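Me: Please pick one part of this structure and take me through it closely, as I'm still new to this. I'd also like to know how it fits in with the rest of the chain.

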Amino acid sequence: MSADAKPQTINLEDLPLPQLHKIKAQLEEEMDELTTAFSQMKQAQATFRECTNCIDALTPECQDKTILVPLTSSLYVPGKLSNIDSVVVDIGTGYYVEKCKADAAKYYSSKMEYVQSNAKKIQATVEQKQASYRGLLEIMQYKISQQQKTAAASSGGGAEKTASKK
């Protein structure tokens, strides 16, 4: 394929109904996957927002305060805040970095912006797929109604011929 080759455009009205059903199933699957990805982006954004809120909650009054430290999702141990000027940041894939509060807040803020921009792109793609899906449904409904009219005309015409022969 050459660099200036354009994608081939297919008129959906020219396709038979079974192929339209396959395209419909493919569009539904793509929309489900994109919707799942969008939900995951929103969850990640909420997690980063919560991290930022936790950093903001570290005030001088928190110094030497007793807290519960999570070891796992269901196991907590008592601990004491001895240093409120730096935090440990999860940078992904099991890696953690110690950062000052300002740098950690900036890190999470940039992560939220990145996730939000990707979520907007996914949302735009979902909206485009939904518009294509609605157009496909209209074409399918039209073809089905045409088939029903053809079937009714051929069965109705046969009944008239039978009645006129008697």
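Reply: Let's start with a word we'll need a lot: a residue counts as buried when its relative accessible area is under 20%, as exposed when that area is over 50%, and as partly exposed in between. By that rule Cys 62, at 12% relative accessibility, is buried, while Cys 51, with 24%, is partly exposed. Across the 166 residues of the chain, 19% are buried. Keep in mind that you're looking at a predicted model. Its mean pLDDT is 88, with 89% of the residues at 70 or more.

The part I've picked is helix α1. First, its place in the chain: there are two helices and four strands, and along the sequence they come in the order α-β-β-β-β-α. Helix α1 covers residues 17-57, which makes 41 residues. From its first C-alpha to its last, α1 spans 59 Å, close to the 60 Å expected at 1.5 Å a residue.

Now look at which residues of α1 are tucked away. The buried ones are Leu 17, Leu 20, Leu 27, Met 31, Leu 34, Gln 45, Phe 48, Thr 52 and Ile 55. Here's a handy rule for reading a list like that: an α-helix has 3.6 residues a turn, so residues three or four places apart point the same way. With the rule in mind, try stepping through the names again: Leu 17 and Leu 20 are both on the buried list, and so are Phe 48, Thr 52 and Ile 55.

Zoom in on Gln 45, which is part of α1. What does Gln 45 touch, once you set aside its neighbours within four places in sequence? The answer is Met 112, Val 115 and Gln 116. Its relative accessible area is 6%, so Gln 45 falls under the 20% cut-off and counts as buried.

You can check the view from the other side too. Ala 119 belongs to helix α2, and with a relative accessible area of 2% Ala 119 is buried. Apart from neighbours within four places in sequence, Ala 119 is in contact with Phe 38 and Met 41. Ala 119 and Met 41 are 78 residues apart in sequence, yet their C-alphas are 6.0 Å apart in space. That kind of long jump turns up in the chain as a whole: among contacts with a separation of 6 or more, 52% link residues 24 or more positions apart.

Back to the cysteines for a moment. Why are there zero disulfides in this structure? For Cys 51, the closest cysteine sulfur is the one in Cys 54, and because the two sulfurs are 6.4 Å apart, they are too far for a bond.

What about the strands? Strand β1 (residues 66-70) and strand β2 (residues 76-80) run antiparallel and are joined by five bridges. They make a hairpin with five residues between them, and Thr 66 sits opposite Lys 80 in β2.

One last caution, about confidence. Helix α2 (residues 101-165) has the lowest mean pLDDT among the elements, 87, and strand β4 (residues 95-100) has the highest, 95. Over residues 159-166 the pLDDT stays under 50, and the model has zero contacts beyond four places in sequence for that stretch.

Terms used
Residues numbered from 1 in each chain as written. Predicted model: local features only at pLDDT ≥ 70, side-chain atom pairs only at ≥ 80, totals over all residues. Heavy atoms only, no water. Disulfide = S-S within 2.5 Å. Buried < 20%, exposed > 50% of the residue type's maximum accessible area, 1.4 Å probe, protein only. Contact = heavy atoms within 4.5 Å. Expected span 1.5 Å × (residues − 1). Pairing = 2+ DSSP bridges. pLDDT = per-residue confidence, 0-100.
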